[in-house]
Amino acid sequence: MSYLSYVSPSATSPWHTYLEQVDRVLPYLGHLAHWGETLKRPKRALIVDVPIEMDDGSVAHFEGYRVQHNLSRGPGKGGVRYHPDVTLEEVMALSAWMTVKCAAVNLPYGGAKGGIRVDPKKLSKKELERMTRRYTSEIGIIIGPQRDIPAPDVNTNAQIMAWMMDTYSMNTGTSATGVVTGKPLHLGGSLGRVKATGRGVFVTGREAARRLGMKLDGARVAVQGFGNVGSAAAELFVGAGATVVAIQDHTGTLVNPKGFDMHTAMQVLKRDGGIGQYPEAERIDNESFWDVDCDILIPAALEGQITVERANRIKAKLVLEGANGPTLPEADDALRERGVLVVPDVICNAGGVTVSYFEWVQDFSSFFWSEDEINVRLDKIMVDALRAIWDTADRHKITLRTATFAVACERILSAREERGLYP
Ligand SMILES: NC(=O)c1ccc[n+]([C@@H]2O[C@H](COP(=O)([O-])OP(=O)(O)OC[C@H]3O[C@@H](n4cnc5c(N)ncnc54)[C@H](O)[C@@H]3O)[C@@H](O)[C@H]2O)c1
């Protein structure tokens with residue numbers, strides 16, 4: 001009997017998407033391509049049982065993961081996701097995209113990711129805290145300020161990072177502020193971190209629009225996912241004169257060609273945890289989101305959203321991947337053929353990890369920067385990185401995604417080669 005390896009991808013999984021993206025970049029890596037297999041195997045994957053006592057006295061078990069995809073360039077870095085669909089394969093893909101992303105913006109990190117297979121909305125606050133603390137203890141054998149530094153992702157936030165920091169600190173007898181990023185400000189968090197990913201989406205979008213000759217003033221924007229990333233990006237685009245004409249989240253799909261008022265939208269989000277009850281917009285069925293007339297589309301929810309069929313219906317000229325892995329490889333081809341420019345996740349949403357890096361550096365030096373300093377540095381890193389990627393894309397006549405992989409993988413595999421193979 002033959003067994004499937006855990007690195008064999010199931011069809012259309014995020015890991016499958018990632019492996020195809022690697023295959024597309026290998027021809028552009030010269031002699032470094034002989035290290036290509038390194039990119040296709042996580043260095044380390046930890047699966048943990050997370051048992052907790054529920055409020056009613058019963059015991060529930062949750063599946064937790066922490067994957068360190070590649071540590072050639074530095075300690076692991078990557079978020080923790082709480083979602084009922086989390087799988088090992090998904091976490092492997094997300095950790096691999098972190099490796100590429102950190103190298104694309106030249107941060108001294110490898111790539112990692114974690115997750116728990118749970119619907120956190122069904123847990124009380126106390127249950128959520130117990131689950132977070134037990135998970136942190138279980139993965140405590142591989143994380144640490146110099147080893148692997150978690151951060152927020154889907155359904156995790158500053159409060160969860162505070163519990164993680166406290167648990168790790170209690171277990172090690174230290175005040176280890178550098179063990180996670182995205183913490184509250186009182187615990188060594190950084191100004192600008194909450195909105196950093198959305199800001200990075202805006203900055204890369206602004207640069208891409210400039211190259212396309214598209215004015216942001218008056219541009220129509222559609223956003224899928226109105227959480228940390230989508231809402232912050234939408235606010236910044238509106239601040240630059242754009243109009244948000246459609247928003248989709250887990251509570252529904254709303255359109256208003258005259259534009260959403262961001263202040264009201266944020267109030268509704270704060271009140272209900274979703275955008276569904278926003279007052280002045282028409283509710284349409286979820287699938288019709290992909291037909292909305294717009295100039296810029298921002299997928300900022302989950303993976304695998306843009307299929308070939310949807311790609312062929314998208315009206316936007318510019319797609320900004322706030323989410324990780326929202327576009328399937330064949331859909332990428334369809335968008336390219338239709339002349340739609342895609343700014344890929346591995347550069348578009350790198351603003352979050354960049355300010356996480358600032359947070360980590362500030363924690364070590366115990367010297368904190370102003371929000372302006374942070375935003376200016378973030379803007380510069382994103383613009384410089386995108387320029388180098390664009391030059392590579394023009395030189396080889398390849399998509400921005402393959403160009404981002406080319407720039408990043410050259411850095412990752414050069415580090416691999418220079419360190420040499422142990423022993
Ligand atoms: N938070 C970060 O700093 C960060 C950094 C880089 C990339 N990302 C990526 O951005 C994406 C969003 O992350 P986030 O931190 O904003 O998460 P979040 O939990 O704050 O928000 C997720 C959003 O997606 C929506 N959503 C969930 N399921 C949906 C569905 N089936 N259809 C439509 N909308 C749905 C939710 O309603 C919510 O608005 C993820 O892919 C994440 O990996 C996040």
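Let's start with the parts list: this protein has 14 helices and 12 strands. Helices here are DSSP runs of H or I with at least four residues, strands are runs of E with at least two, and both are numbered from the N terminus. What you're looking at is a predicted model, where local features need pLDDT of at least 70, side-chain atom pairs count only at pLDDT 80 or more, and totals for chains, interfaces and linings use all residues. Residues are numbered from 1 along each chain as its sequence is written.

Now step back and take in the whole thing. The C-alpha trace spans about 55 × 55 × 55 Å along its principal axes. A compact globule of 423 residues would have a radius of gyration near 22 Å, and the 21 Å of this protein agrees with that. (That radius is taken over C-alpha atoms, and the globule rule is 2.2 Å times the number of residues to the power 0.38.) Of the 423 residues, 52% are buried. Buried means that 20 or more other C-beta atoms lie within 10 Å of a residue's own; with 12 or fewer the residue is exposed, and in between it is partly exposed, the C-beta atoms being placed from the backbone. Contacts tell you about the fold too: among those between residues at least 6 apart in sequence, 71% join residues at least 24 apart. Two residues are in contact if their C-beta atoms, placed from the backbone, lie within 7 Å.

The protein is divided into domain 1 (14-175) and domain 2 (196-348), with bounds that come from an automatic or database domain assignment. Their C-alpha centres lie 26 Å apart. Where they meet, 10 residues of domain 1 are in contact with nine residues of domain 2. On the domain 1 side, helix H1 (14-25) and helix H3 (88-104) each supply at least two residues. The largest share of that side, six residues, comes from H3. By class, the side of domain 1 that touches domain 2 has six nonpolar, two polar and two charged residues. For this count, Ala, Val, Leu, Ile, Met, Phe, Trp, Tyr, Cys and Pro are nonpolar, Asp, Glu, Lys and Arg are charged, and the others, Gly among them, are polar.

H3 deserves a second look. Its 17 residues should span 24 Å at 1.5 Å a residue, and its end C-alpha atoms are indeed 24 Å apart; the expected span is 1.5 Å times one less than the number of residues. Since 16 of those 17 residues are buried, H3 is largely enclosed by the rest of the structure. After H3 comes Asn106, in the loop between H3 and strand S4 (111-117). Asn106 has a positive phi near 60°, though it is a residue other than glycine. With 16 C-beta neighbours inside 10 Å, Asn106 counts as partly exposed.

Next, the ligand. It is surrounded by 24 residues, and the closest are Gly225, Gly227, Asp249, Ala323 and Gly352; a residue belongs here if its C-beta atom, placed from the backbone, lies within 6 Å of the molecule. Helix H7 (228-239) and strand S7 (243-249) are the elements that give two or more residues to this shell, and H7 gives the most, with three. The shell divides into eight nonpolar, 14 polar and two charged residues. Both domains take part, as the shell draws at least three residues from each of domain 1 and domain 2.

Back in domain 1, find helix H4 (residues 125-139), which has 15 residues and reaches 21 Å from its first C-alpha to its last, close to the 21 Å expected. Its buried residues include Leu128, Met131, Tyr135 and Ile139. Among the elements covering the buried residues of H4 are strand S1 (44-53), strand S2 (59-70), S4 and helix H5 (158-172).

Over in helix H10 (residues 329-337) you'll find Ala331. Ala331 is buried, with 23 other C-beta atoms within 10 Å. Leaving aside neighbours within four places in sequence, Ala331 is in contact with Ile306, Thr307, Val308 and Ala311.

Finally, head for the end of the chain. Lys397 sits in the loop between helix H13 (371-396) and H14, and has a positive phi of about 55° although it is not a glycine. Lys397 is exposed, with 7 other C-beta atoms within 10 Å. In the segment after helix H14 (400-419) lies Pro423, and a cis peptide bond joins Tyr422 and Pro423, with omega about 5°.
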